[in-house]
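Grab a pencil and work through these short exercises. Try each task before you read its solution.

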Amino acid sequence: MKKNDAYYELNEEFAELLETYFVAIHTDLIEVVED
């Protein structure tokens, strides 16, 4: 169970990082799509 808890904890951290990254680049992505 300890391994599972660590995995889910890491997964949550990764999801937060991914969300932060997406928020940072989403305007660039939208500009590329609009062109």
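**Exercise 1.** Which residues form a negative surface patch?

Some ground rules first: this is a predicted model, where local features need pLDDT of at least 70, side-chain atom pairs count only at pLDDT 80 or more, and totals for chains, interfaces and linings use all residues. Residues are numbered from 1 along each chain as its sequence is written, and side-chain values use heavy atoms, with hydrogens and water left out.

Step 1: Look for Asp and Glu, which count as negative.
Step 2: Keep residues with over 30% relative accessible area and no salt bridge (a side-chain nitrogen of Lys or Arg within 4 Å of a carboxyl oxygen of Asp or Glu).
Step 3: Join like charges within 9 Å, placing each at CG of Asp or CD of Glu.
Result: Asp 5, Glu 9, Glu 12, Glu 13, Glu 16 and Glu 19 make up the patch.

**Exercise 2.** Is Glu 19 buried or exposed?

Step 1: Buried means under 20% relative accessible area, exposed over 50%, and partly exposed in between (1.4 Å probe, protein chains only).
Step 2: Glu 19 counts as exposed because its relative accessibility is 55%.
Step 3: Now place it: Glu 19 sits in helix 1, residues 2-34. A helix is a DSSP run of H or I with at least four residues.

**Exercise 3.** Which residues form a nonpolar patch on the surface?

Step 1: Nonpolar side chains are joined within 5 Å.
Step 2: That gives Phe 14, Leu 18 and Tyr 21, with about 350 Å² of accessible area together (Shrake-Rupley method, 1.4 Å probe).
Step 3: Tyr 21 is in helix 1 too, and counts as exposed because its relative accessibility is 52%.

How values were computed
Helix = DSSP H or I, 4+ residues; strand = E, 2+ residues; numbered from the N terminus.
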